Amino acid sequence: MPNIKSAKKRVLTSAKKKQMNTVKNSSMKTAIKNVEKEVKHGNKETVAEKLNVAIKRIDKACSSGLIHKNKAAREKSRLTKLKNNME
């Protein structure tokens, strides 16, 4: 445990940031998995809704610096291709 006052504050703020980053990252991954699952089952109606949610979560993760912008673009493109290539 740190002795300096500012270092103590830093421990607390970094713990809060770690928790929020974990929440954002896991919700993004869950949204991506939901889209892939709906595509696998062939539910065209729900795929569009799930895709919008996934894109929103990917954008939030990108804007907060959690993932790189190229990864965000790659994931959005991949999911959109999955949706468009459904039968």
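User: What is the relative accessible area of aspartate 59?

Analyst: This is a predicted model, in which local features need pLDDT of at least 70, side-chain atom pairs count only at pLDDT 80 or more, and totals for chains, interfaces and linings use all residues. Residues are numbered from 1 along each chain as its sequence is written, and side-chain values use heavy atoms, with hydrogens and water left out. Buried means under 20% relative accessible area, exposed over 50%, and partly exposed in between (1.4 Å probe, protein chains only). Aspartate 59 is partly exposed, its relative accessible area being 34%.

User: With which residue does aspartate 59 meet in a salt bridge?

Analyst: A salt bridge is a side-chain nitrogen of Lys or Arg within 4 Å of a carboxyl oxygen of Asp or Glu. The side chain of aspartate 59 satisfies this with lysine 76, at 2.7 Å from N to O. The pair links distant parts of the chain, 17 residues apart: aspartate 59 lies in helix α2 and its partner in helix α3 (helices are DSSP runs of H or I, at least four residues, numbered from the N terminus). The partner is partly exposed, with a relative accessible area of 25%, and is lysine 76.

User: How many salt bridges does the structure hold, and which residues are linked in a network of them?

Analyst: The structure holds three salt bridges. In one, arginine 78 pairs with glutamate 36, the closest N and O atoms being 2.9 Å apart; this pair links distant parts of the chain, helix α3 and helix α1, 42 residues apart. In another, arginine 78 pairs with glutamate 75, again with closest N and O atoms 2.9 Å apart. The network therefore consists of Glu36, Glu75 and Arg78.

User: Is glutamate 75 buried or exposed?

Analyst: Glutamate 75 and arginine 78 both lie in helix α3, three residues apart, about one turn of the helix. Glutamate 75 touches Ile32 and Ile58, not counting residues up to four places away in sequence (contact means heavy atoms within 4.5 Å). Arginine 78 is partly exposed, at 33%, and glutamate 36 is partly exposed, at 31%. With a relative accessibility of 14%, glutamate 75 counts as buried.

User: Which elements do the buried residues of α3 pack against?

Analyst: The buried residues of α3 are Ala72, Glu75 and Leu79. They cover an arc of only 70 degrees, which puts them on the same side of α3 (the arc is that of the directions from the helix axis to the C-beta atoms). The face turned away from this buried side carries the exposed residues Lys69, Lys81 and Asn84. The buried residues pack against α1 (5–41) and α2 (44–63).

User: How far apart are the end C-alpha atoms of helix α3?

Analyst: The expected span of a helix is 1.5 Å times one less than its number of residues. For the 16 residues of α3 (residues 69–84), this gives 22 Å. The model agrees, the end C-alpha atoms being apart by 22 Å.

User: Which exposed residues does the face of α2 turned away from its buried side carry?

Analyst: In α2, the buried residues are Val47, Leu51, Ala54, Ile58 and Ala61. Seen down the axis, they fall within an arc of 90 degrees, so they line one face of the helix. What covers them includes α1 and α3. The face turned away carries Glu45, Glu49, Asn52, Lys56, Lys60 and Ser63.

User: Which side chain of opposite charge is nearest to glutamate 38?

Analyst: Glutamate 38 is found in helix α1. Its side chain is joined to that of asparagine 43 by a polar contact of 2.7 Å (a pair of N or O atoms within 3.5 Å; within protein, one must be able to donate a hydrogen and the other to accept it, and residues adjacent in sequence count only if both atoms are side-chain atoms). Lys and Arg count as positive and Asp and Glu as negative, while His and the chain ends are not counted. Glutamate 38 is buried yet has no salt bridge; at 4.7 Å, the nearest side chain of opposite charge is lysine 50.

User: What distance separates the C-alpha atoms of asparagine 3 and cysteine 62?

Analyst: Asparagine 3 is found in the segment before α1. It is exposed, with a relative accessible area of 72%. Asparagine 3 and cysteine 62 are 59 residues apart along the chain, and their C-alpha atoms are separated by 35 Å.

How values were computed
Helix = DSSP H or I, 4+ residues; strand = E, 2+ residues; numbered from the N terminus.
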